[in-house]
Amino acid sequence: MRKTRLTGGETLLRKNLEALEAQLAQLRTVDGLAPDLTLTTNGSLLARKAKALKDAGLKRVTVSLDGLDDAVFRRMDDVDFPVADVLAGIEAAHA
């Protein structure tokens, strides 16, 4: 196993996600390398969790973002949070 991607539902809602990421980061490939850890998220909680996930070993994040216009975003994703929350999460992940 060289790459692990956590996805499905909203990944960041999983309890103890950081602990799971830390456990996965301890795995090694047959070559002795750490796996490429990544997850897919809608970004709603990313601003709060980005640093802890990085500290746990997460390497990459894919954020699903269907629009930058708040009304379009809410309608397309059927969510009750603003697109600004996702953009803040992307900024936190970048930092």
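**Figure 1. A salt bridge joins Lys-49 and Glu-18 in this predicted model.** The side chains of the two residues meet with N and O 3.8 Å apart. The pair links distant parts of the chain. Lys-49 belongs to helix H2, while Glu-18 belongs to helix H1, residues 17-25. In sequence, 31 residues separate them. Lys-49 is buried, because its relative accessible area of 18% falls under the 20% cut-off. Glu-18 is partly exposed, with a relative accessible area of 23%. Side chains of opposite charge can pair when their charged atoms come close. A search of the whole structure gives 5 salt bridges.

**Figure 2. Asp-36 and Arg-60 form a salt bridge.** Their closest N and O atoms lie 2.7 Å apart. This pair, too, links distant parts of the chain. Asp-36 sits in strand E2, which covers residues 36-41. Arg-60 sits in strand E3. The two residues are 24 apart in sequence. Asp-36 is partly exposed, at 25% relative accessible area. Arg-60 also counts as partly exposed, at 36%. Arg-60 appears again in Figure 4, among the residues that line the largest pocket.

**Figure 3. Within helix H2, Lys-51 pairs with Asp-55.** The closest N and O atoms of this salt bridge are 2.9 Å apart. Both residues lie in helix H2. They are 4 residues apart, about one turn of the helix. Are Lys-51 and Asp-55 buried or exposed? Both are exposed. Lys-51 is also one of the residues lining the largest pocket.

**Figure 4. The largest pocket has a volume of about 170 Å³.** Which elements each supply at least two residues of its lining? They are helix H2 (46-56), strand E3 (60-63) and helix H4 (83-94). H2 gives the most, with 5 residues. The lining includes Leu-46, Ala-50, Lys-51, Leu-53 and Lys-54. Leu-58, Lys-59, Arg-60 and Val-61 line the pocket as well. Ala-92, Ala-93 and Ala-95 complete the list. By type, the lining residues divide into 8 nonpolar and 4 charged, with no polar residue.

**Figure 5. Four residues make a nonpolar surface patch.** Leu-65, Leu-68, Leu-87 and Ile-90 form this patch. Its area is about 320 Å². Leu-68 is found in the loop between E3 and helix H3, residues 70-77. Leu-68 is exposed, because its relative accessible area of 61% is over the 50% cut-off.

**Figure 6. Asn-16 has a positive phi.** The angle is about 60 degrees, although the residue is not a glycine. Where is Asn-16 found? The residue is in the loop between strand E1 (3-6) and H1. Asn-16 is exposed, with a relative accessible area of 58%.

**Figure 7. Asp-78 has a positive phi in a residue other than glycine.** The value is near 50 degrees. Asp-78 lies in the loop between H3 and H4. At 72% relative accessibility, Asp-78 counts as exposed.

**Figure 8. Leu-17 is buried in the model.** Its place is in helix H1. The relative accessible area of Leu-17 is 0%. How many residues apart in sequence are Leu-17 and Ala-52? They are 35 residues apart. In space, 9.6 Å separates them, C-alpha to C-alpha.

**Figure 9. The whole chain sets the close-ups in context.** The chain holds 4 helices and 3 strands. Read along the sequence, they follow the pattern β-α-β-α-β-α-α. The C-alpha trace spans about 50 × 20 × 20 Å along its principal axes. The chain has 95 residues, and buried residues make up 34% of them. Leu-17 is buried, and so is Lys-49.

How values were computed
Residues are numbered from 1 along each chain as its sequence is written. This is a predicted model: local features need pLDDT of at least 70, side-chain atom pairs count only at pLDDT 80 or more; totals for chains, interfaces and linings use all residues. Side-chain values use heavy atoms; hydrogens and water are left out. On a 1 Å grid over the protein atoms alone, a cavity is a set of points where a 1.4 Å probe fits but cannot get out, and a pocket is an open set with protein on both sides within 12 Å along at least five of seven lines; lining residues have an atom within 4 Å of a point. Grid points are joined across faces, edges and corners, and a volume is the space filled by probe spheres set on the points. Ala, Val, Leu, Ile, Met, Phe, Trp, Tyr, Cys and Pro count as nonpolar, Asp, Glu, Lys and Arg as charged, and the others, Gly among them, as polar. Patches are made of residues with over 30% relative accessible area and no salt bridge: like charges are joined within 9 Å, nonpolar side chains (Val, Leu, Ile, Met, Phe, Trp, Tyr) within 5 Å. Accessible areas come from the Shrake-Rupley method with a 1.4 Å probe; for residues, only the protein chains shown count as cover. Buried means under 20% relative accessible area, exposed over 50%, partly exposed in between (1.4 Å probe, protein chains only).
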